[in-house]
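Me: I would like to go through the ligand site and the domains, term by term. Show me the model first.

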Amino acid sequence: MNRFFVSDIGPDEAVITGEDLKHLVSVLRLRKGDHVMLSDGRGSECEGEIEHVEPGRARVKTGPWRPCVSEPHHKLTLFQCLPKAGKMETIIQKSTELGMNALVPTRSARCVVQPGRDFDKKLQRYRKVAREAAMQSHRGLIPEVLPLVELKQADLSIFDTVYVAYEGEKEQSLKHVMADRPGRRIALFVGPEGGFEPDEVACLVKKGAKVVSLGPRILRTETAGMAMVAQILFELGE
Ligand code: SAM
């Protein structure tokens, strides 16, 4: 069944607008009486029946809301150091499919790409990618794409566990450190194409991060985050 994110939710009805409405009408050609799944974008979902389609909105009669079964219980935030052009979209799309909860674009010393004045526009684009990937993969939540942070200034106090994937770490595997249960809110750091500076890793460790190896092969920056999200949720049975 086709899924839509709605924010305009009443006691027994919800309204679909904007791009989703266009998709519903022009691409899927849904009409009155058709059934859809609705997500509130915060982890709940319900089944609904289209009651009325008019210019600018479609009204859907909603059934009971329930927690979305596809949503992982563990909340993974990926601090992704800025990769070269176009890669961030891929990282957001694939990590959303795999169950990421939020992404923080992060600037570190070896980032080749600088955020630039149009970064706000890029953020809008990234959020659209997250929304579309969440719809496609039947998530109950749209992963947040947060504003840019400087690596050394990242606030890690809200996380139960922080893992830094460091190409210089040869011993400690992710599986091994996960033997200490990580808690529910987990942050992951992935470096840019040029990797991390040792003092960046030291700074994160000082804030409580655990350094991990992702194995004997060096992964591209756009692969490393996805690999971590997949492995962590697999180890946690999600
Ligand atoms: N330039 C670095 C080098 O040649 O060793 C490689 C950097 S890698 C392309 C980009 C990022 O992916 C790294 O900073 C790290 O966060 C992550 N990464 C890739 N492979 C990894 C591995 N085997 N273990 C841990 N982290 C890895």
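Reply: A polar contact is a pair of N or O atoms within 3.5 Å. The model is predicted.

Me: What makes glycine 215 a polar contact of the ligand?
Reply: A backbone N or O atom of glycine 215 is 2.9 Å from a ligand nitrogen. The cut-off is 3.5 Å, so the pair counts.

Me: What makes glutamate 167 a polar contact?
Reply: Here a polar side-chain atom of glutamate 167 lies 2.7 Å from an oxygen atom of the ligand. That is within 3.5 Å, so this pair counts too.

Me: And what about alanine 165?
Reply: A polar backbone atom of alanine 165 is 2.6 Å from a ligand oxygen. With the limit at 3.5 Å, the pair is therefore a polar contact. Around it, the protein covers 82% of the 580 Å² of accessible area that the ligand has on its own.

Me: Why is the ligand said to sit in the largest pocket?
Reply: The ligand is placed in that pocket because more than half of its atoms lie within 2 Å of the pocket's grid points.

Me: What makes up the shell around the ligand, by class?
Reply: The shell has 10 nonpolar, 6 polar and 4 charged residues.

Me: Which domains does the chain have?
Reply: The assignment gives domain 1 (3-67) and domain 2 (75-235). Their C-alpha centres are 32 Å apart. The contact between them takes 10 residues from domain 1 and 8 residues from domain 2.

Key
Residues are numbered from 1 along each chain as its sequence is written. This is a predicted model: local features need pLDDT of at least 70, side-chain atom pairs count only at pLDDT 80 or more; totals for chains, interfaces and linings use all residues. Side-chain values use heavy atoms; hydrogens and water are left out. A polar contact is a pair of N or O atoms within 3.5 Å; within protein, one must be able to donate a hydrogen and the other to accept it, and residues adjacent in sequence count only if both atoms are side-chain atoms. Accessible areas come from the Shrake-Rupley method with a 1.4 Å probe; for residues, only the protein chains shown count as cover. On a 1 Å grid over the protein atoms alone, a cavity is a set of points where a 1.4 Å probe fits but cannot get out, and a pocket is an open set with protein on both sides within 12 Å along at least five of seven lines; lining residues have an atom within 4 Å of a point. Ala, Val, Leu, Ile, Met, Phe, Trp, Tyr, Cys and Pro count as nonpolar, Asp, Glu, Lys and Arg as charged, and the others, Gly among them, as polar. Domain bounds come from an automatic or database domain assignment. Contact means heavy atoms within 4.5 Å.
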